[in-house]
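Student: Hi! Could you walk me through this structure?
Tutor: Happy to, here it comes.

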Amino acid sequence: MIYKYLCRKYGFGIATIGSALIFTMAHFFVPMLWAALFIMGCCLAYLFKTYQSIFAPLSFHILTNSINIIALSWILF
């Protein structure tokens, strides 16, 4: 919703940066990953723009979270 609003008002570039910053701040508890989270936020905005559906970025987010959980479980256990 935020991306769509920003895109209508300011265009794709500002909307991508703005929504990626908001995505990064929503995950503020992991400071060492802020750059990666910002890039992921940009990718999610691009996926939404490309497919005009929440399902593509949602699927990508689920996939990356799943990979991270599997990787962490191998490292920690």
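Tutor: We can chat about its aromatic rings and then about who is buried or exposed. This is a predicted model, where local features need pLDDT of at least 70, side-chain atom pairs count only at pLDDT 80 or more, and totals for chains, interfaces and linings use all residues. Residues are numbered from 1 along each chain as its sequence is written, and side-chain values use heavy atoms, with hydrogens and water left out.

Student: How many aromatic pairs are there in the whole structure?
Tutor: The search finds 3 aromatic pairs. Rings of Phe, Tyr and Trp (its six-membered ring) pair if their centres lie within 6.5 Å; planes under 30 degrees apart are stacked, over 60 edge-to-face, and the rest tilted. Tyr-3 and Phe-12 make an edge-to-face pair, 6.5 Å centre to centre with 80 degrees between the planes.

Student: Is Tyr-3 buried or exposed?
Tutor: Tyr-3 is buried because its relative accessibility is 11%, while Phe-12, at 32%, is partly exposed. Buried means under 20% relative accessible area, exposed over 50%, and partly exposed in between (1.4 Å probe, protein chains only).

Student: Which residues form an aromatic cluster?
Tutor: Tyr-3, Phe-12 and Phe-48 form one.

Student: And what lies over the face of Phe-12?
Tutor: That is Lys-49, at 5.0 Å from the ring centre. A charge sits over a ring if NZ of Lys or CZ of Arg is within 6 Å of the ring centre and within 35 degrees of the ring normal.

Student: What about Phe-28 and Phe-29?
Tutor: They also form an edge-to-face pair, with 6.2 Å between centres and 70 degrees between planes. Phe-28 is exposed at 51%, and Phe-29 is exposed at 59%.
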